[in-house]
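I opened a fresh notebook page and wrote down, step by step, what I looked up and what I found.

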Amino acid sequence: MMIVRTTRLLLLVSATMPTFAQGQGLEAEIQALKTYCKPDIERLCPKVEPGGGRIKACLMAQQNELTVGCAKALQELKEIKKSM
């Protein structure tokens with residue numbers, strides 16, 4: 001009986017690990033976005049109100065003006081969301 005419970009617990013934990021890892025990756029990328037895109041947001045989208053994806057849309061509309069760090073952070077966030 002103990003082996004069955006242990007096996008179920010291990011299966012449950014292993015099934016949730018990819019989701020947890022993706023969530024951690026997403027949080028890390030959002031933090032990277034805040035770090036690397038803050039100057040770009042201040043420079044390119046100063047009057048855009050946060051929320052509803054407006055800042056991201058503003059940045060994407062001005063992709064050619066983004067710094068390398070911000071462009072990379074946006075690309076990595078896009079890839080993480082695609083894999084979810």
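**Entry 1: a charged patch**

Which helix gives the largest share of the positive patch? Before answering, I noted that I am working with a predicted model. I looked up the members of the positive surface patch and found Lys56, Lys78, Lys81 and Lys82. Helix 3, which covers residues 68–83, supplies the largest share of that patch with three residues.

I then picked one member, Lys82, and confirmed that Lys82 lies in helix 3. Lys82 has a relative accessibility of 65%, and because exposed means over 50%, I entered Lys82 as exposed.

**Entry 2: the whole chain**

I stepped back to the chain and asked how many helices and strands the protein chain has. I found three helices and zero strands, and reading along the sequence gave me the pattern α-α-α.

Next I looked up burial, and of the 84 residues of the protein chain, 20% count as buried. The accessible surface of the protein chain comes to about 6,500 Å², and I noted that 63% of that surface belongs to carbon and sulfur atoms.

I also looked at contacts between residues at least 6 apart in sequence, and I wrote down that 54% of these join residues at least 24 apart.

**Entry 3: Asp40 and its salt bridge**

How many salt bridges does the count come to? I found one salt bridge, and it is formed by Arg43 with Asp40, the closest N and O atoms being 3.6 Å apart. I reminded myself that side chains of opposite charge can pair when their charged atoms come close.

I checked where the two partners sit, and both Arg43 and Asp40 lie in helix 1, three residues apart, which is about one turn of the helix. Helix 1 itself runs over residues 2–44.

Is Asp40 buried or exposed? I looked up its relative accessibility, which is 1%, and because buried means under 20%, I entered Asp40 as buried. For Arg43 the relative accessible area is 44%, so I entered Arg43 as partly exposed.

Leaving out residues up to four places away in sequence, I listed what Asp40 touches, namely Cys45, Leu59, Leu66, Thr67 and Cys70.

**Entry 4: Leu66 in a loop**

Since Leu66 appeared among the residues that Asp40 touches, I looked up Leu66 next and found it in the loop between helix 2 and helix 3. Leu66 counts as buried because its relative accessibility is 13%.

Apart from its neighbours within four places in sequence, Leu66 is in contact with Asp40, Arg43, Leu44, Leu59, Ala71 and Leu74. I noticed that this list holds Asp40 and Arg43, the two partners of the salt bridge.

I then took a distance to helix 1, and the C-alpha atoms of Leu66 and Ile41, which are 25 residues apart along the chain, are separated by 9.2 Å.

**Entry 5: Ile41 in helix 1**

That distance led me to Ile41, which lies in helix 1. Ile41 has a relative accessible area of 24%, so I entered Ile41 as partly exposed.

What does Ile41 touch, not counting residues up to four places away in sequence? I found Pro46, Ile55 and Leu59. Of these I followed Ile55, and although Ile41 and Ile55 are 14 residues apart in sequence, I noted 7.3 Å between them in space, C-alpha to C-alpha.

I also wrote in the margin that Leu59 is listed for Ile41, for Asp40 and for Leu66.

**Entry 6: two alanines**

I looked up Ala57, which is found in helix 2, covering residues 54–61. Ala57 counts as partly exposed because its relative accessibility is 47%. Ala57 and Cys45 are twelve residues apart in sequence, and I noted 9.7 Å between them in space, C-alpha to C-alpha.

The second alanine on my list was Ala28, which lies in helix 1. With a relative accessibility of 45%, Ala28 counts as partly exposed. I ended by looking up Ala28 together with Leu77, which are 49 residues apart in sequence and 9.2 Å apart in space, C-alpha to C-alpha.

Definitions and conventions
Residues numbered from 1 in each chain as written. Predicted model: local features only at pLDDT ≥ 70, side-chain atom pairs only at ≥ 80, totals over all residues. Heavy atoms only, no water. Helix = DSSP H or I, 4+ residues; strand = E, 2+ residues; numbered from the N terminus. Buried < 20%, exposed > 50% of the residue type's maximum accessible area, 1.4 Å probe, protein only. Contact = heavy atoms within 4.5 Å. Patch = residues over 30% accessible without salt bridge, like charges linked within 9 Å, V, L, I, M, F, W, Y side chains within 5 Å. Areas by Shrake-Rupley, 256 points an atom, 1.4 Å probe, with all protein chains shown as cover. Salt bridge = Lys/Arg side-chain N within 4 Å of Asp/Glu carboxyl O. Lys, Arg positive; Asp, Glu negative; His and termini not counted. Charge placed at Lys NZ, Arg CZ, Asp CG, Glu CD.
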